[in-house]
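Q: Hi! I have a protein model open and would like to go through it with you, one small piece at a time. Could you take a look?

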Amino acid sequence: MTAQRVVLTGLGVLSSIGNGVTEFTRGLREGRCGAGEITLFDATGFRRQLAHEVKDFEPAQWIRHTPLEELGRASQFSVAATRLAVQDAGLDLEELRGRRGLVTIGTTDGEARELDQLVESELTVGMAGLDPTAVRRLPAHRLALAVVRELRLPQAVPSVLGTACAAGNYAIGDGFDAVRFGEADYALVGGSDALARRTFAGFSRLGLVASDRCRPFDAEREGLLTAEGAGVLLLETLESARARGARIYAELLGYGLNCDAHHPTAPDQESVARCMGLALADAGIKPEEVDLVSAHGTGTKTNDITETRAIRELFGDRPPRTVALKSMLGHSMGAASALGAAASAVALAHGFIPPTVNHRSTDPECGIDCVPNHAVPAPLRIVVNNGLAFGGNNASVVLGRYEEDQR
């Protein structure tokens, strides 16, 4: 079967620096940092109490056919981000309902926030007092199923991928394959996670939470700040986009996946380099053609050194500029690489590189240009977007500026 060219024509974003593609793009250009005091759960007792929360989110604005109490916060995010993506693409839902679709959402925690609240209820009122509706919010598959039901897409296949913090890129790869090989006419893909006490506690116990700001690649970096959000991309064939006169943000060129199972938490340099190499091979792109790497860039000592060494292993002594969006967005777990892909797409479309903010001085062991603190104009053509996860789950996606005669 001849592979079709696949383009990105709609973006749905919920993030700590802005909701919707317009505000998100403005936040990237301005180098906003969405860190603040935690309000979504009681952080009393934690030594560090900062995170990146989604603000001004009104679920009723986006969820119209499903009782709100039936959906946890992460499912509400996935539904809202999908509606935003469809709206941004200029598509009519009635048209989508008659076409074969795929809805794949990546996540790390699913509805862990709901589980936190149920455990608290169990401790205070006992098992007999648990709310059955709250229990029904727990299954992670609802992050995709809720989208299909709410948007009433009878020919769309829903699935959820739980490959931790690389899950957004895994979902994008799933949709890319389905569209380019004719298994689906369109794909709505990305990631969603809500801020959860359990996850925050886990990273705190690992000693990975920063005291004030996430400073990837910085000589004085302390770690990450947990976050929440959602990013959903609408993918369709180039033929479909052209036929309806759609605006095209970027072309999806290829992706690579691997799982090295090297260590529960630490990334493996050779495996990360191999993953990016697989993505470039799938895309038919040479390393020297890449203009920018959107790194996983968590701001931890181990990740940043390992990832930048992997970049230099693949790209040589003059690697592309390499930015870490988690300095602005925080680490939104399964949504992180989906938001990275969305940022890569708007950077390609608008010709700029988002900065790595909160930066003071680059760690000599990292050895990259991280575009510190201020966005810069750049006629980007090719971007590699990385997602690395616990357990050695790695995923890289290659996006290109849409050009009529690119292939």
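Q: Is Gly-299 buried or exposed?
A: Gly-299 counts as buried, because its relative accessibility is 0%. Here buried means under 20% relative accessible area, exposed means over 50%, and partly exposed is in between (1.4 Å probe, protein chains only). Before we go on: this is a predicted model, where local features need pLDDT of at least 70 and side-chain atom pairs count only at pLDDT 80 or more, while totals for chains, interfaces and linings use all residues. Residues are numbered from 1 along each chain as its sequence is written, and side-chain values use heavy atoms, with hydrogens and water left out.

Q: Thanks! Where is Gly-299, and what does it touch?
A: Gly-299 sits in the loop between strand 9 (292-294) and helix 11. Helices (H or I, at least four residues) and strands (E, at least two) are DSSP runs, numbered from the N terminus. Not counting residues up to four places away in sequence, Gly-299 touches Cys-214, Arg-215, Pro-216, Arg-221, Glu-222, Gly-223 and Asp-304. Contact means heavy atoms within 4.5 Å.

Q: How far apart are Gly-299 and Cys-214?
A: In sequence they are 85 residues apart, and in space 5.8 Å, C-alpha to C-alpha.

Q: What about Ser-327, which residues is it in contact with?
A: Leaving aside neighbours within four places in sequence, Ser-327 is in contact with Cys-33, His-52, Cys-214, Pro-216, Pro-355, Thr-356, Val-357 and Asn-358. Ser-327 belongs to helix 12 and is buried, with a relative accessible area of 0%.

Q: New topic: how is Ser-78 placed?
A: Ser-78 is in helix 2 (residues 73-88). Ser-78 is buried too, because its relative accessible area is 0%. A polar atom of its side chain lies 2.7 Å from the backbone oxygen of Leu-143. Beyond neighbours within four places in sequence, the residues in contact with Ser-78 are Ile-105, Leu-143, Val-147, Ser-192 and Val-232.

Q: How many residues are in the largest nonpolar core?
A: The largest nonpolar core has 46 residues, and Leu-11 and Leu-28 have the most contacts inside it. Helix 13 (residues 336-350) gives the largest share of this core, eight residues. A nonpolar core is a set of buried Ala, Val, Leu, Ile, Met, Phe, Trp, Tyr and Cys residues joined through side-chain atoms within 4.5 Å. In soluble globular proteins, nonpolar side chains tend to be buried together.

Q: What does Leu-28 contact?
A: Leaving aside neighbours within four places in sequence, the contacts of Leu-28 include Ile-17, Leu-325, Met-328, Ala-343 and Val-346. Apart from this core lies another one, of 34 residues, among them Leu-84, Leu-91, Ala-146 and Ala-194.

Q: Now the empty spaces: how many cavities are there of 30 Å³ or more?
A: The count comes to three cavities of 30 Å³ or more, and the largest cavity has a volume of about 90 Å³. Of the 14 residues that line the largest cavity, Leu-325, Lys-326, Ala-336, Ser-337 and Gly-340 are the closest to its centre. On a 1 Å grid over the protein atoms alone, a cavity is a set of points where a 1.4 Å probe fits but cannot get out, while a pocket is an open set with protein on both sides within 12 Å along at least five of seven lines; lining residues have an atom within 4 Å of a point. Grid points are joined across faces, edges and corners, and a volume is the space filled by probe spheres set on the points.

Q: And the largest pocket, what lines it?
A: The largest pocket has a volume of about 340 Å³. Its lining has 21 residues, with Leu-208, Thr-265, Thr-300, Asn-303 and Phe-390 nearest its centre. Helix 11 supplies the largest share of that lining, three residues.

Q: Last one: what is the phi of Arg-152?
A: Arg-152 has a positive phi of about 55°, although it is not a glycine. Most residues other than glycine have a negative phi. Arg-152 is in the loop between helix 6 (142-151) and strand 5 (156-161), and counts as partly exposed at 46% relative accessibility.

Key: A polar contact is a pair of N or O atoms within 3.5 Å; within protein, one must be able to donate a hydrogen and the other to accept it, and residues adjacent in sequence count only if both atoms are side-chain atoms.
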